[in-house]
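Student: I should like to learn how to read the features of a protein model. May we go through one together, step by step?

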Amino acid sequence: MIPEGKEGGLQLENEVLVLFTGSFHHYVTPKFYTDTKPATGKVVPTWNYSAVQAYGKATVYFDRGVESTEYLSRQISDLSQHAESSLMGYTGGDEKPSPWKVSDAPARYIEIMQKNIIGIRVDITRLGGKFKMSQEMGEKDREGVIEGFRSLGTEAGTEIANMVAERQDLMKAR
């Protein structure tokens with residue numbers, strides 16, 4: 001049996017893990033290793049990434065009562081407002097259209113659609129994180145990685161190069 005949460009949702013007994021990955025991650029070819037590859041050939045492909053792990057207790061909300069309905073309605077409204085204004089730029093000012101609001105749709109339609117939504121709230125108890133940005137390589141190989149990614153001429157390549165360089169600067173500063 002899953003116990004009732006404090007807002008009418010069902011609280012899961014076990015801890016959950018939510019993983020957030022960085023916006024940019026990329027395959028790293030051994031060709032970028034300008035020191036180790038020519039010297040020994042002992043290199044393999046890898047992947048550069050950043051991630052945060054959030055651990056906590058989860059409460060699941062679905063259409064089963066007043067508290068769940070109120071929680072889901074608040075989440076739908078907040079998420080729609082964020083997406084309309086921040087992602088779409090609909091602010092209603094400076095000749096921009098006004099943002100769409102949940103109240104723009106018929107209330108009964110929203111009630112029906114909401115029955116298809118499951119909300120999850122995680123009360124975070126601990127966080128962890130990792131940067132895997134070629135820091136395990138020597139300085140010359142990291143420089144090769146930075147130059148290799150910059151030479152790709154892509155947004156992802158530039159961002160990864162910048163992150164590797166930033167991590168390298170932090171290592172040098174220690």
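**The largest pocket**

Tutor: Helix H2 gives the largest share of the lining of the largest pocket, namely five residues. Please keep in mind that this is a predicted model.

Student: How is such an empty space found in general?

Tutor: Rolling a probe the size of a water molecule over the atoms shows where empty space is left. In this structure, the largest pocket has a volume of about 210 Å³.

Student: Which residues line the largest pocket?

Tutor: The lining consists of Tyr 71, Leu 72, Gln 75, Ile 76, Leu 79, Ile 117, Ile 118, Gly 119 and Ile 120. Both H2 and E4 supply at least two residues of this lining.

Student: How many residues of the lining are nonpolar, polar and charged?

Tutor: Seven are nonpolar and two are polar, while no charged residues occur in the lining of the largest pocket.

**Backbone angles**

Student: What should I know about the sign of phi before I look at single residues?

Tutor: Most residues other than glycine have a negative phi, and most peptide bonds are trans. With that in mind, consider Asp 94, a residue other than glycine whose phi is positive, near 50°.

Student: Where is Asp 94 found, and is Asp 94 buried or exposed?

Tutor: Asp 94 belongs to the loop between helix H2 (66-87) and helix H3 (107-114). Its relative accessibility is 78%, and exposed means over 50%, so Asp 94 counts as exposed.

Student: Which value of phi does Ser 134 have?

Tutor: Ser 134 is not a glycine either, yet its phi is positive, at about 60°. This residue sits in the loop between strand E4 (119-132) and helix H4 (139-151). Ser 134 counts as buried because its relative accessibility is 0%, and buried means under 20%.

**A pair of helices**

Student: How does one describe two helices that pack together?

Tutor: Two packed helices are described by the angle between their axes and the distance between the axes. Here the axes of H4 and helix H5 (residues 155-173) come within 7 Å and cross at roughly 155°. H4 is therefore roughly antiparallel to H5, as angles over 145 degrees are counted in that way.

Student: Which handedness does the crossing of H4 and H5 have?

Tutor: The crossing of H4 and H5 is left-handed.

**Sequence and space**

Student: How should I read a separation along the chain beside a separation in space?

Tutor: Let us take the two values together for several pairs. Gly 144, in helix H4, is 109 residues from Asp 35 in sequence, and their C-alpha atoms are 8.1 Å apart in space. Gly 144 counts as buried because its relative accessibility is 9%.

Student: What are the two values for Phe 24 and Tyr 49?

Tutor: Phe 24 and Tyr 49 are separated by 25 residues in sequence and by 6.9 Å from C-alpha to C-alpha. Phe 24 lies in the loop between strand E1 (10-21) and strand E2 (26-28). With 22% relative accessibility, Phe 24 counts as partly exposed.

Student: Where does His 25 lie, and how many residues separate His 25 from Met 113 in sequence?

Tutor: His 25 also has its place in the loop between E1 and E2. It is 88 residues from Met 113 in sequence, and the C-alpha atoms of His 25 and Met 113 are 35 Å apart. His 25 is partly exposed, its relative accessible area being 39%.

Student: What can be said of Tyr 27?

Tutor: Tyr 27 is part of strand E2 and counts as partly exposed at 37% relative accessibility. Between the C-alpha atoms of Tyr 27 and Thr 158 there are 13 Å, with the two positions 131 residues apart along the chain as their separation.

Key
Residues are numbered from 1 along each chain as its sequence is written. This is a predicted model: local features need pLDDT of at least 70, side-chain atom pairs count only at pLDDT 80 or more; totals for chains, interfaces and linings use all residues. Side-chain values use heavy atoms; hydrogens and water are left out. Helices (H or I, at least four residues) and strands (E, at least two) are DSSP runs, numbered from the N terminus. Buried means under 20% relative accessible area, exposed over 50%, partly exposed in between (1.4 Å probe, protein chains only). On a 1 Å grid over the protein atoms alone, a cavity is a set of points where a 1.4 Å probe fits but cannot get out, and a pocket is an open set with protein on both sides within 12 Å along at least five of seven lines; lining residues have an atom within 4 Å of a point. Grid points are joined across faces, edges and corners, and a volume is the space filled by probe spheres set on the points. Ala, Val, Leu, Ile, Met, Phe, Trp, Tyr, Cys and Pro count as nonpolar, Asp, Glu, Lys and Arg as charged, and the others, Gly among them, as polar. Axes are lines fitted to C-alpha atoms, for helices over the stretch in contact, and angles run from 0 to 180 degrees between N-to-C directions. Angles under 35 degrees count as roughly parallel, over 145 as roughly antiparallel, 65 to 115 as roughly perpendicular and the rest as oblique. A crossing is left-handed if the near helix is turned anticlockwise from the far one by less than a right angle, and right-handed if clockwise.
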